[in-house]
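Thanks, everyone. I have one structure to show today, and I will keep to two topics.

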Amino acid sequence: MQKPQDSLKKPAPNGWIILDKPRGLGSTQAVAAVKRNLREGGFAKTKVGHGGTLDPLAEGVLPIALGEATKLAGRMLDASKIYTFTVAFGEETSTLDTEGEVTDTSAVRPAHAQVLSVLPQFTGAIEQVPPAFSALKVDGKRAYDLARAGEEVALKKRAVTVYALTAEEEPKTGERPIGEITLTAHVSKGTYIRSIARDIARALGTCGHVTYLRRAKAGPFTENHAISLDKLNEIASGAPLKDLLLPLEAGLDDIPALHLTQTDAQAVRQGRVLSELPQPSGLYCGMLDNVPVALLEISDGASKVVRGFNLPDVAE
């Protein structure tokens, strides 16, 4: 039953806030910050979730789903990502970043050209061992919890895809050894950048760890879509949410639209099959005017509802 004060609140929003997550903030903390700002901004209780964890020591694009967009958060987890990261040579740490203790050292420093020569080994379909300090589960427990407790963590290799791996421009120092290098990687879900950094260093006969990590793209969302934490905090002071909120369908920019009539939209909302559709088989976003109704899978001219959306102005 709706409480009297709830009717005075702004309706719960649906869509995406793309946060440019600062270093030091966890993904769960970012979600909590969005919830707090919506609450203080006078919005009704809203379901909020993120589209892919970003380590506290990493920064950059963190898609945060609101309302009906949370139904697409799983798709965002499966999306490819682009990262820029810096590998410092000479020390490997327990966490493979700046947070852990040094576990190995080397006096070897590669030249820029040597780094370039090994990058093809880490491009395409590859196998990597995830970091011991990761959220993967071992016998029902998080790997990082076991590692922090001093237990030996043995994670299995996993198959991932690195679509592209490039280095910054070659410095004018030529073939002189370098202490670090900044790379950009376009990777599939489940790829650990810290593992790539470790393995590149080892392939060069040295060791290394990540000192800087920034996510530049997550699925369809880029840095151009992202807002700062300060901008997010303006919502609590009454700043218009519409200026910061991307529509639900922004998370589906790679999926073609299927325009529905009022009758078809009502049938879809009721879970009924649409038949004799001329579109090729595949995934579509069923739209009534400009409002997403459902994700639909078309097979041989017949549609099946994959995920329905309960948005305003959709045919009942």
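I will go through the enclosed space first and then one of the sheets. Please keep in mind that this is a predicted model.

So, the space inside. How many cavities of 30 Å³ or more turn up when the whole structure is searched? The search finds one. The volume of this largest cavity is about 80 Å³.

Which residues line the largest cavity? Going along the chain, they are R23, D55, L57, A58, D97, T98, R194, V210, T211, Y212 and L213. By type, the lining has four charged residues, two polar ones and five nonpolar ones. Strand β12, which covers residues 208-218, contributes the most to that lining, with four residues.

Now the sheet. It is an open sheet of four strands, running β14-β15-β16-β17, with mixed pairing. At the edges sit β14, residues 257-259, and β17, residues 302-308, and each of these pairs on one side only. Direction ignored, neighbouring strands in this sheet are turned against each other by 40° on average.

As background, the strands of a sheet pair through backbone hydrogen bonds, in either a parallel or an antiparallel sense. In which sense do β14 and β15 pair? Parallel, over three bridges, with β15 spanning residues 282-288. Within that pair, G286 in β15 is the residue opposite L258.

One helix to add. Helix α7, residues 262-269, packs on this sheet and touches β15, β16 and β17. Strand β16 is residues 291-299, and the direction of α7 makes about 75° with the direction of β16.

That is what I had on the cavity and the sheet.

Conventions
Residues numbered from 1 in each chain as written. Predicted model: local features only at pLDDT ≥ 70, side-chain atom pairs only at ≥ 80, totals over all residues. Heavy atoms only, no water. 1 Å grid on protein atoms, 1.4 Å probe; cavity = no way out; pocket = protein on both sides within 12 Å on 5 of 7 lines; lining within 4 Å. Points joined across faces, edges and corners; volume = space filled by probe spheres on them. Helix = DSSP H or I, 4+ residues; strand = E, 2+ residues; numbered from the N terminus. Nonpolar A, V, L, I, M, F, W, Y, C, P; charged D, E, K, R; others polar. Pairing = 2+ DSSP bridges. Axes fitted to C-alpha atoms, helices over the stretch in contact; angles between N-to-C directions. Contact = heavy atoms within 4.5 Å.
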